[in-house]
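Trainee: I'd like a close look at one stretch of this protein, please, with its surroundings filled in as you go. Take your time and walk me through it residue by residue.

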Amino acid sequence: MKIQNKKTADSHYNMGNLYCKTGDYNEALIKYKKALEIYTKVLGLDHPHTADSHNNIGSVHFRNDEIDEALIHYKKALDIRLKVLAPNHPDIANSCHNIGTVYYEKGDYDGALIQHKKALDIRLKVYGPDHPKTADSYYNIGIAYDEKSDYEEALMEYKKALENYNKVLGPDHPNTIYCQESINVIEVIQSSSIPTSE
């Protein structure tokens, strides 16, 4: 019976993924919540599948601009993952990334920096410096510093991200282009703030 119930939960979870891919987030949320309910009963509160369900529920709420609800589920996913996964597991980095993104949207740039730096630390250990997810973390740290008007720190992080994006994605990838544009904007700001001699 336990195996059958897990299969039912898996089915709801997979349907949630399909609804997400088609953009039907309301149906996705229904399916993820049903999966979470069954996983919790069958596998317990502290299980990777339970954490994954919380994470995906959080992602749907985030897409629907319900960022407080998203944060609740992202934090639950992280709490579970910290209990049941290895300290440097990629899913823990992904949870930190998601929480950091919510903090950024809420205007809590210091909170965002803390989470994105945690994600970066894990991603450097797991993936190394030349990986898109590592570059994403550098970029996210950069935009948080950018919002704090700490342009020196932002520029340093953007340049690390840009070097990585160029290596692994190429110069024509949107991430590479956005990163270069962010660097250009800061350089314009810095150049305009330099006092000119008369």
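**A helix, its loop and its neighbours**

Mentor: Let's begin with S149, which sits in the loop between α7 and α8. Please keep in mind that this is a predicted model. S149 has a relative accessible area of 45%, between the limits of 20% and 50%, so this residue counts as partly exposed. Its backbone deserves a glance: S149 has a positive phi of about 65°, although it is not a glycine. Most residues other than glycine have a negative phi. D65 also has a positive phi, about 60°, and is not a glycine either. D65 belongs to the loop between α3 and α4 and is exposed, because its relative accessibility is 66%, over the 50% limit.

Now step from the S149 loop into helix α7, which covers residues 132-147. T134 is part of this helix. Is T134 buried or exposed? T134 is buried, because its relative accessible area is 0%, under the 20% limit. The T134 side chain comes to 2.8 Å from the backbone oxygen of G128. Once neighbours within four places in sequence are set aside, the contacts of T134 are L120, R123, L124, Y127, G128, P129 and N164.

Further along α7 you meet N140. At 12% relative accessibility, under the 20% limit, N140 is therefore buried too. Again leaving out neighbours within four places in sequence, N140 is in contact with H97 and H116. In addition, the C-alpha atoms of N140 and G100 are 8.5 Å apart in space, while the two residues are 40 apart in sequence.

H97 takes us to the largest pocket, because H97 is among the lining residues nearest its centre, together with F62, Y74, N98 and T101. The space in this pocket comes to about 580 Å³, and 25 residues line it. By type, the lining has 13 nonpolar, nine polar and three charged residues. Helix α7 supplies at least two of the lining residues, as does each of α1 (2-22), α3 (48-63), α5 (90-105), α6 (109-126) and α9 (174-192).

Helix α7 also has a part in the packing. In soluble globular proteins, nonpolar side chains tend to be buried together. Here the largest nonpolar core holds 32 residues, and those with the most contacts inside it are I92, I99, Y139, Y158, A161, Y165 and C179. This core draws at least two residues from each of α4 (67-84), α5, α6, α7, α8 (151-168) and α9. Which helix gives the most to this core? That is α7, with seven residues. Take I99 as an example of the packing: beyond residues up to four places away in sequence, I99 touches L71, Y74, K75, L78 and Q115. A separate core of 13 residues lies apart from the largest one, and C20, A35, I38 and Y39 are among its members.

Finally, let's step back to the whole chain. The protein has nine helices and zero strands. Its C-alpha trace spans about 80 × 30 × 30 Å along the principal axes. Of the 198 residues, 39% count as buried. Among contacts with a separation of 6 or more, 54% come from residues 24 or more positions apart.

Note on methods: Residues are numbered from 1 along each chain as its sequence is written. This is a predicted model: local features need pLDDT of at least 70, side-chain atom pairs count only at pLDDT 80 or more; totals for chains, interfaces and linings use all residues. Side-chain values use heavy atoms; hydrogens and water are left out. On a 1 Å grid over the protein atoms alone, a cavity is a set of points where a 1.4 Å probe fits but cannot get out, and a pocket is an open set with protein on both sides within 12 Å along at least five of seven lines; lining residues have an atom within 4 Å of a point. Grid points are joined across faces, edges and corners, and a volume is the space filled by probe spheres set on the points. Helices (H or I, at least four residues) and strands (E, at least two) are DSSP runs, numbered from the N terminus. Ala, Val, Leu, Ile, Met, Phe, Trp, Tyr, Cys and Pro count as nonpolar, Asp, Glu, Lys and Arg as charged, and the others, Gly among them, as polar. Buried means under 20% relative accessible area, exposed over 50%, partly exposed in between (1.4 Å probe, protein chains only). A polar contact is a pair of N or O atoms within 3.5 Å; within protein, one must be able to donate a hydrogen and the other to accept it, and residues adjacent in sequence count only if both atoms are side-chain atoms. Contact means heavy atoms within 4.5 Å. A nonpolar core is a set of buried Ala, Val, Leu, Ile, Met, Phe, Trp, Tyr and Cys residues joined through side-chain atoms within 4.5 Å.
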